[in-house]
Amino acid sequence: MASVSHNDAEPITDRLHDNSWSANLEKPRHADDRELVIEQALDAIEHTVPGNHVNLVTHGDHGHPREYLFDALADEYGDEIEWSYVEQCGCGGHVTRVHV
């Protein structure tokens, strides 16, 4: 596991997105830190203006997002958002689309 604090990790975004966009959660620092992936996925959702979607592109080392991300989304948002699994990328990562 990474010894870097989540506070030291570069933020996934620093602005509100009033459009559909993709959050890259498959950088090397994400490979070692599933909690960072979840934390930054939630942050990406918070930075997406309602009526848009964000594609959460998660690192393949963590496996299918249903194994860890879907429960975190349900716990945080309940039925306030909708998400669906899109596909596995050629690089091994996974894409989950979240409609805000």
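These notebook entries record what I looked up in a predicted model.

**Entry 1. Helices α2 and α3**

I began with how two packed helices are described, namely by the angle between their axes and the distance between the axes. Helix α2 covers residues 34-46 and helix α3 covers residues 69-77. I noted an angle of about 50° for this pair, and their axes are 10 Å apart. The two helices are therefore oblique to each other. I also looked up the hand of the crossing of α2 and α3, which is right-handed.

Next I asked which residues of α2 meet α3. From α2 I listed Ile 38, Ala 41, Leu 42, Ile 45 and Glu 46. Their counterparts in α3 are Leu 69, Ala 72, Leu 73, Glu 76 and Tyr 77. Sorted by class, this contact has eight nonpolar residues and two charged ones, with no polar residue.

**Entry 2. Ile 81**

I then turned to Ile 81, which lies in the loop between α3 and β3, the latter being residues 82-88. Is Ile 81 buried or exposed? Its relative accessibility is 8%, so I entered Ile 81 as buried.

Setting aside neighbours within four places in sequence, I found Ile 81 in contact with Ile 45, Val 98, His 99 and Val 100. Ile 45 also appears among the α2 residues that meet α3. For Val 98 I looked up the C-alpha separation from Ile 81 as well: 6.9 Å, for residues that are 17 apart along the chain.

**Entry 3. His 62**

His 62 sits in the loop between β2 (53-58) and α3. I recorded a relative accessible area of 8% for His 62, which is therefore buried.

What is His 62 in contact with, leaving aside neighbours within four places in sequence? I listed His 30, Ala 31, Asp 33, Arg 34, Val 37, Glu 67 and Tyr 68. Arg 34 and Val 37 fall within the residue range of α2, 34-46.

**Entry 4. Cysteines**

Last, I checked for disulfides, and the count comes to zero. Cys 89 is in no disulfide, and the nearest cysteine sulfur to that of Cys 89 belongs to Cys 91, 4.6 Å away. Why is there no bond for Cys 91? Its closest cysteine sulfur is that of Cys 89, and 4.6 Å is too far for a bond, because the two sulfur atoms would have to lie within 2.5 Å. I also noted the accessibility of Cys 91: at 61% relative accessibility, Cys 91 counts as exposed.

Key
Residues numbered from 1 in each chain as written. Predicted model: local features only at pLDDT ≥ 70, side-chain atom pairs only at ≥ 80, totals over all residues. Heavy atoms only, no water. Axes fitted to C-alpha atoms, helices over the stretch in contact; angles between N-to-C directions. Helix = DSSP H or I, 4+ residues; strand = E, 2+ residues; numbered from the N terminus. Parallel < 35°, antiparallel > 145°, perpendicular 65-115°, else oblique. Left-handed = near helix turned anticlockwise from the far one by under 90°. Contact = heavy atoms within 4.5 Å. Nonpolar A, V, L, I, M, F, W, Y, C, P; charged D, E, K, R; others polar. Buried < 20%, exposed > 50% of the residue type's maximum accessible area, 1.4 Å probe, protein only.
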